[in-house]
Amino acid sequence: MLKGIRVIDLSRNLAAPYCTMLLGDLGADVIKVEMPGAGDEARGLSPMINGESGYFISLNRGKKGITLNIKDPRGKKLLEKLLAKADVMVDNFRPGVLDRLGLTEEYLKKINSRLICASLTGFGHYGPYRKKAAYDLVVQGYGGIMSITGHVGGPPTRVGISLGDLAAGLYLTVGILGALLSRQQSGNGDRIDVAMLDCQVALLENAIVRYMASGKVPGPIGNRHPSITPFEAFPSRDSYIVVCAGNENQWESYCRVIGHPELISDPRFATNDSRNEHHDALAVLLTEIMREKTTQEWIAILDQVGVPCAPVNSVDDVIEDEQIKARQMIISLNHPKAGEVHVSGCPIKSKEYPTPETYKPSPLLGEDNREIFRSLGLSDDEMADLIREKII
């Protein structure tokens with residue numbers, strides 16, 4: 001899909017590296033640039049596998065890796081050479097950092113007018129919070145997600161994945177793809193500014209419109225849906241089962257197949273609105289009914305009539321799930337130090353660009369220095385000097 005597109009990845013940690021990994025999955029040539037000696041901070045995060053960070057490995061597959069001190073004038077010159085032939089530059093520096101390094105928007109346009117500069121920050125490059133530091137939990141707090149997650153009466157709850165980071169990485173990917181498409185028509189690069197907080201607000205789904213329409217501040221409601229009933233997890237005989245009766249046909253099929261057709265004509269449950277109004281009473285009834293069989297027994301029954309349902313899988317269940325395996329969503333990376341490492345795969349499937357049999361593992365620190373810097377015209381002696389002076 002993105003064959004021939006070169007991405008210079010100046011980012012670290014999670015959000016922006018997740019974006020550049022996806023671009024690499026789609027065929028882009030991604031060069032990850034790290035500081036000599038230390039590298040991306042994520043290299044120090046657990047779990048450690050034979051001394052290598054599994055966290056880092058899971059976010060940087062398919063990339064080439066170089067070390068380069070872009071704060072040094074000589075390092076900056078080498079970066080400029082890379083950018084002159086690149087299509088995309090991705091960074092997650094705080095606002096103002098690139099400007100202080102002399103890599104202003106105007107300067108980068110002079111180097112390469114077709115370059116797409118994509119920045120991911122906590123709060124964006126303008127606005128009163130632009131200079132604040134941010135991590136996933138910070139923007140989950142600011143963005144309202146924590147206030148509607150969890151159970152009634154419980155404390156504010158973080159979503160169980162780094163949603164603040166991952167959502168921003170996905171939105172940045174979308175922005176870059178849009179800019180690449182636009183460039184085909186205009187011939188010009190672009191400046192993309194994605195803020196983690198903005199992305200959290202964009203994901204508030206119907207919470208904002210519910211508040212604006214009713215004046216009632218949404219709060220946590222556990223595993224149920226705020227607008228559809230039944231649409232939640234119930235205890236079964238042996239675990240939990242998710243049941244989602246998303247329309248009246250599914251509700252009626254559900255009532256019949258669980259052996260309680262009388263619920264259909266009960267005025268409290270006759271419509272979705274009335275079921276929402278009497279949710280608690282219905283939940284009590286359905287909880288007792290769903291306890292009568294195991295989760296897998298109910299899934300077999302509900303699947304027959306097309307009522308959406310699911311087990312509540314643990315991570316080990318997910319890894320062994322036959323559908324996950326069929327879709328190649330758990331892949332193996334053969335890392336030179338960590339050995340065989342299993343990570344989640346790319347969810348974008350394409351007929352023209354099938355999922356590869358193998359992926360390049362995340363790079364060792366500076367692994368591709370010789371190849372990349374030779375392509376910029378540096379000799380071995382010049383590289384040796386730069387290594388001694390900690391420029392590369």
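Let me start with an open sheet of three strands, whose order is 9-10-11 and whose pairing is antiparallel. Its edge strands are strand 9, residues 231–235, and strand 11, residues 309–311, each of which pairs on one side only. If we ignore direction, neighbouring strands of this sheet are turned against each other by 20 degrees on average. I should say at once that what we are looking at is a predicted model, and everything that follows should be heard with that in mind.

Staying with this sheet, strand 10, which covers residues 240–244, is joined to strand 11 by three bridges in the antiparallel sense, and within that pairing isoleucine 241 stands opposite proline 311 of strand 11. Helix 14, residues 295–304, packs on the sheet and touches both strand 10 and strand 11, and the direction of helix 14 makes about 160 degrees with that of strand 11.

Now to strand 6, where the pairing is parallel: strand 1, residues 6–9, runs parallel to strand 6 and is joined to it by three bridges, with isoleucine 8 opposite methionine 89. Strand 6 also pairs with strand 7, residues 116–121, again in the parallel sense and over four bridges, and here valine 90 has alanine 118 of strand 7 as its bridge partner. Which way do the side chains of strand 6, residues 88–91, point? Val88 and Val90 point one way, Met89 and Asp91 point the other way, and all of them are buried. That fits the general expectation that side chains in a regular strand alternate between the two faces of the sheet.

Let me turn to the surface, where Val201, Ile208, Tyr211, Met212 and Val217 make a nonpolar patch of about 500 Å². Helix 9, residues 206–214, gives the most to this patch, with three residues. Isoleucine 208 lies in helix 9, and because its relative accessibility is 38%, it counts as partly exposed.

The last topic is charge pairing, and a search of the whole structure finds 21 salt bridges. One of them is between the side chains of arginine 12 and glutamate 41, at 3.8 Å from N to O. Arginine 12 sits in the loop between strand 1 and helix 1, residues 15–25, whereas glutamate 41 sits in the loop between strand 2, residues 29–34, and strand 3, residues 48–49, so this pair ties together parts that are 29 residues apart in sequence. Both partners are partly exposed, arginine 12 with a relative accessible area of 22% and glutamate 41 with 47%.

A second pair is arginine 74 with aspartate 72, where the closest N and O atoms are 3.2 Å apart. Are these two partners buried or exposed, or something in between? Arginine 74, at 40% relative accessibility, counts as partly exposed, whereas aspartate 72 is buried because its relative accessible area of 16% falls under the 20% cut-off.

A third salt bridge brings together the side chains of lysine 360 and glutamate 367, at 3.9 Å from N to O; lysine 360 is partly exposed at 30% relative accessibility, and glutamate 367 is partly exposed at 38%. Finally, there is a network of salt bridges that links Arg6, Asp29, Lys64 and Glu371, and that is where I will stop.

How values were computed:
Residues numbered from 1 in each chain as written. Predicted model: local features only at pLDDT ≥ 70, side-chain atom pairs only at ≥ 80, totals over all residues. Heavy atoms only, no water. Buried < 20%, exposed > 50% of the residue type's maximum accessible area, 1.4 Å probe, protein only. Helix = DSSP H or I, 4+ residues; strand = E, 2+ residues; numbered from the N terminus. Pairing = 2+ DSSP bridges. Patch = residues over 30% accessible without salt bridge, like charges linked within 9 Å, V, L, I, M, F, W, Y side chains within 5 Å. Areas by Shrake-Rupley, 256 points an atom, 1.4 Å probe, with all protein chains shown as cover. Salt bridge = Lys/Arg side-chain N within 4 Å of Asp/Glu carboxyl O. Axes fitted to C-alpha atoms, helices over the stretch in contact; angles between N-to-C directions. Contact = heavy atoms within 4.5 Å.
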